[in-house]
Amino acid sequence: MKRTFLALAALTASAGAMAQSSVTVFGVADVSVAHISTSTKSVSGLANGGNSSSRLGFRGVEDLGGGLKAGFWLEGSLSVDDGTASGFKFDRRSTVSLLGNFGELRLGRDKTPAYQNLETFHAFGDTGMGAINGHNLITSTGGTAEGSNPKRVSNGISYLLPKLGGVYGQVTHSFGEQSGSSSLASNTGLRLGYANGPVNVAAAYEISRGGSAAAGVDYKTFNIGASYDFGVVTPMLLLASDRGNDKRVDLYSVGVKMPLGAGELRAAYTWYKDKKQSDVDSQRLALGYGYKLSKRTEIYAAVARMSNDDKASRKLGSSLSPTPVVGKSLTGYEIGLRHNF
């Protein structure tokens with residue numbers, strides 16, 4: 001009888017714990033058959049993340065009572081073409097959070113506020129042939145270990161606003177955690193936006209300080225994006241500028257998303273303008289379509305052209321894309337399958 005009572009007590013406690021918390025396994029498997037060519041070389045093969053970056057993750061939340069919750073999020077990159085999984089590291093996101101009526105306090109590795117605008121206000125986001133590829137416009141070795149304007153930062157602390165009508169916002173600070181003025185320094189970013197019904201608009205500002213490549217240099221980025229869903233079509237606009245170390249590169253992008261049949265048509269034009277040097281500009285035009293086989297599965301196709309000036313060598317966003325010879329342009333296309341789980 002005593003053992004039976006203890007077993008029932010354990011089951012009751014377990015049920016109560018399960019009612020108060022939850023853990024979810026999630027991910028994306030996305031791979032495409034792609035071909036990219038320039039005037040001097042070409043490559044064909046499987047590319048990862050043509051529609052959405054492949055990943056594997058675990059997330060959970062626990063109800064602490066009184067409107068307070070605790071949460072965690074661990075997410076790592078996958079390569080579907082060869083089965084590798086970054087070693088396996090949770091390189092995309094690794095955070096713990098406290099959530100409540102006050103908003104959310106988040107600690108760990110996460111996307112920067114400025115990068116989220118680049119993803120949100122571009123028809124292709126930052127994946128595949130049409131990817132905006134708008135981070136680190138100046139340099140890949142700037143104020144942090146990941147560049148002058150990185151996608152993500154480690155050692156970060158973020159505060160996210162609670163629901164305030166349509167207003168949303170985030171402030172993030174990443175600690176360099178190194179001693180000495182020549183070591184990798186900090187990153188600070190702010191994003192503020194408004195989304196209500198069909199309208200969405202947001203601006204972001206970010207500073208990456210110092211860094212091994214340029215001690216004492218502040219790299220600054222600013223961007224603003226907007227979209228409006230008319231139902232039959234959603235136009236998008238994005239303006240961005242990266243500056244620092246006597247360099248400046250601006251980005252201008254316009255795009256549209258439009259429902260078509262059981263899928264969505266996407267188109268985007270992006271211009272990368274170097275304000276300090278001549279003949280270093282690039283322009284990319286991309287067109288794509290995604291057909292929904294279900295709520296979780298989509299087959300897609302895209303074609304893109306990157307036109308480089310005489311001194312430019314920007315590449316397409318595909319994981320297969322080679323860096324072109326300076327002054328040479330690239331053309332690429334892909335057909336792929338994406339499944340969310």
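## Strands, a cavity and two pockets

Let's start with a pair of strands: β6 and β7 run antiparallel, and 7 bridges join them. For one concrete place to look, find Glu 104, which stands opposite Leu 160 in β7. Keep in mind as you click around that this is a predicted model.

From β7 you can carry on to β8, which covers residues 167-174. These two strands also pair in the antiparallel sense, here over 5 bridges. Gly 156 is a handy marker, with Ser 174 of β8 as its bridge partner. Together β7 and β8 make a hairpin that leaves 6 residues between the strands. In that turn sits Gly 165, whose phi is positive, at about 70 degrees.

Now for the empty space. The structure holds 1 cavity of 30 Å³ or more, and the largest cavity contains about 40 Å³ of space. The strands we just visited turn up again here: β6 (103-111) and β7 (152-160) each give at least two residues to the lining. β6 provides the largest share, with 5 residues. If you want to pick out the wall yourself, go for Thr 95, Arg 106, Leu 107, Gly 108, Asp 110, Lys 111, Val 153, Gly 156, Ser 158 and Thr 172. So what is the chemical make-up of this lining, by class? It has 2 nonpolar, 5 polar and 3 charged residues. Gly 156, our marker from the hairpin, is thus both a bridge partner of Ser 174 and one of the residues around the cavity.

Next, the pockets. The largest pocket holds about 1200 Å³ of space, and its lining runs to 50 residues. To find your way to the middle, look for Ser 53, Arg 92, Asp 126, Thr 127 and Lys 151, the lining residues that lie nearest the centre. Several elements give two or more residues to this lining: β6, the helix α2 (113-120), and the strands β14 (263-274), β16 (297-308) and β17 (330-340). Which element gives the largest share? That would be β16, with 4 residues. By class, the wall of this pocket counts 11 nonpolar, 23 polar and 16 charged residues.

The second largest pocket has a volume of about 470 Å³. It is lined by 18 residues, and the closest to its centre are Asn 136, Leu 137, Ile 138, Ser 313 and Arg 314. Two strands, β13 (247-260) and β14, each supply at least two residues here, and β13 has the largest share, with 3. You've met β14 already, among the elements that line the largest pocket. The class split for the second largest pocket is 6 nonpolar, 7 polar and 5 charged.

Finally, how far does the predictor's confidence go? The mean pLDDT of the chain is 88, and 87% of the residues reach 70 or more. Strand β5, residues 93-100, has the highest confidence, at 98. At the other end of the scale is helix α1, residues 2-20, where confidence is lowest, with a mean of 42. Look also at residues 1-19: pLDDT stays under 50 there, and the model shows 0 contacts for them beyond four places in sequence.

Terms used: Residues are numbered from 1 along each chain as its sequence is written. This is a predicted model: local features need pLDDT of at least 70, side-chain atom pairs count only at pLDDT 80 or more; totals for chains, interfaces and linings use all residues. Side-chain values use heavy atoms; hydrogens and water are left out. On a 1 Å grid over the protein atoms alone, a cavity is a set of points where a 1.4 Å probe fits but cannot get out, and a pocket is an open set with protein on both sides within 12 Å along at least five of seven lines; lining residues have an atom within 4 Å of a point. Grid points are joined across faces, edges and corners, and a volume is the space filled by probe spheres set on the points. Ala, Val, Leu, Ile, Met, Phe, Trp, Tyr, Cys and Pro count as nonpolar, Asp, Glu, Lys and Arg as charged, and the others, Gly among them, as polar. pLDDT is the predictor's confidence in each residue, from 0 to 100. Contact means heavy atoms within 4.5 Å. Two strands pair if DSSP finds at least two bridges between them.
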